[in-house]
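Visitor: I am new to this structure and should be grateful for a guided introduction.
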Amino acid sequence: MTIGIVMPVHARNRELVDMTYRTVETLSSRSRLVLAVMVNRLDPVSIPEFVVGINERTLNKNIEFSVLHGEERCVAATWNYGINLIRQSVSGDDPLEFILVINNDLLLEHDTIDLLSAYGRSASSRIAMWSGKNTRDEPNPNPNIIVPGVDFSCFMIHPNFPEVMGAFDENFTPAYYEDNDMYARMVLSGKRGVQVNAAGYYHLGSQTIARDPLSAQGNHRTFGQNHYYFSKKWGVDYPLNDDDAIRRNYFPVPFNDPKAYTLNTWPKPARQGDFW
């Protein structure tokens with residue numbers, strides 16, 4: 001079976017490129033891996049040089065990769081396109097089993113992907129998304145516990161996720177709240193998202209902003225806009241992390257309007273043309 005991996009990259013300096021290489025070096029699995037590196041920004045090195053760098057770090061591994069360089073897009077649009085690309089590109093004798101979406105500033109354990117895959121095979125149909133456990137926040141989590149909630153720096157989904165949940169809402173731009181929005185949609189549609197403590201990884205956390213002043217300035221300008229849009233969409237001042245609290249306090253449908261039923265706001269079948 002094949003595990004598809006989507007990894008967005010936004011790098012304005014060599015430090016962020018090297019961080020991406022370190023993340024790729026930690027990819028390992030007993031399954032065949034197909035990696036889609038979604039480059040939104042790559043200033044310090046050329047695409048050919050970057051491809052060579054990725055290739056050097058996937059040699060002698062069961063990993064196929066592609067590097068796609070498009071115009072700068074928001075996180076939600078990049079996730080949507082990457083997920084759809086993986087769904088279309090994996091075929092043949094090794095069918096696509098799951099899709100893993102990861103940041104480019106984390107370090108996986110040698111068995112993180114396999115443990116996430118094993119959980120997905122046994123999970124109930126109510127589980128729409130499951131993530132690993134960031135050991136930066138909790139160095140020694142109990143590996144036998146499944147925790148409600150999703151860490152969107154490293155999450156796994158079934159290939160039919162777009163049909164079940166629709167696309168990530170691209171009105172959140174360039175980043176922030178697109179993850180909270182999707183989590184709300186899962187909970188309110190009767191699905192669940194969980195963290196698998198056994199599947200540990202180390203997330204450095206917001207490294208694009210920390211190491212790139214221009215990106216930090218841009219996100220600071222748009223954070224308030226995203227906050228306002230989220231509040232209007234769900235009727236709360238800030239995102240809530242508890243499933244019961246979401247069901248009690250959020251609008252039952254986006255904008256409290258049953259007619260506001262679009263691909264990016266509520267589950268409905270996704271189409272190829274709806275993606276970047």
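The questions and answers that follow concern a helix, the nonpolar cores and the charged side chains.

Guide: This is a predicted model, in which local features need pLDDT of at least 70 and side-chain atom pairs count only at pLDDT 80 or more, while totals for chains, interfaces and linings use all residues. Residues are numbered from 1 along each chain as its sequence is written, and side-chain values use heavy atoms, with hydrogens and water left out.

Visitor: What distance does helix α1 reach from its first C-alpha to its last?

Guide: Helices (H or I, at least four residues) and strands (E, at least two) are DSSP runs, numbered from the N terminus. Helix α1 covers residues 14-25, 12 residues in total. The expected span is 1.5 Å times one less than the number of residues, here 16 Å. Close to that expectation, α1 reaches 17 Å.

Visitor: Which residue has a side-chain oxygen that reaches a backbone nitrogen at the start of α1?

Guide: The backbone nitrogen belongs to E15. The side-chain oxygen that comes to within 3.2 Å of this nitrogen is that of N13.

Visitor: Which element gives the largest share of the largest nonpolar core?

Guide: A nonpolar core is a set of buried Ala, Val, Leu, Ile, Met, Phe, Trp, Tyr and Cys residues joined through side-chain atoms within 4.5 Å; buried means under 20% relative accessible area, exposed over 50%, and partly exposed in between (1.4 Å probe, protein chains only). The largest core has 37 residues, of which M129, F155, F161, F168 and M186 touch the most other members. Elements giving two or more residues to this core include β2 (32-42), β6 (127-134) and α8 (213-234). The largest share, six residues, comes from α3.

Visitor: How many residues are in the other core, the one that includes L35?

Guide: This core lies apart from the largest one, and V37, L108 and A199 are among its members. Its number of residues is 36.

Visitor: Why does the salt bridge between E25 and R57 tie together separate parts of the sequence, and how far apart are they?

Guide: A salt bridge is a side-chain nitrogen of Lys or Arg within 4 Å of a carboxyl oxygen of Asp or Glu; for E25 and R57 the closest N and O atoms are 3.3 Å apart. E25 is partly exposed at 43% relative accessible area, and R57 is partly exposed at 22%. Because E25 lies in helix α1 and R57 in helix α2 (residues 47-58), the pair ties together parts whose separation in sequence is 32 residues.

Visitor: Is D114, which forms a salt bridge with R30, buried or exposed?

Guide: The closest N and O atoms of D114 and R30 are 3.7 Å apart. R30 is exposed, with a relative accessibility of 75%. D114 has a relative accessible area of 11%, and counts as buried.

Visitor: Which residues are linked in a network of salt bridges with K233?

Guide: The side chains of K233 and D181 meet in a salt bridge at 2.7 Å, N to O, and both residues are buried. The network that holds K233 also links D169, D181 and R185.

Visitor: Which side chain makes a polar contact with the side chain of D105?

Guide: D105 is buried yet has no salt bridge, and the nearest side chain of opposite charge, R136, is 7.2 Å away. Lys and Arg count as positive and Asp and Glu as negative, while His and the chain ends are not counted. A polar contact is a pair of N or O atoms within 3.5 Å; within protein, one must be able to donate a hydrogen and the other to accept it, and residues adjacent in sequence count only if both atoms are side-chain atoms. At 3.0 Å, the partner of D105 in such a contact is H203.
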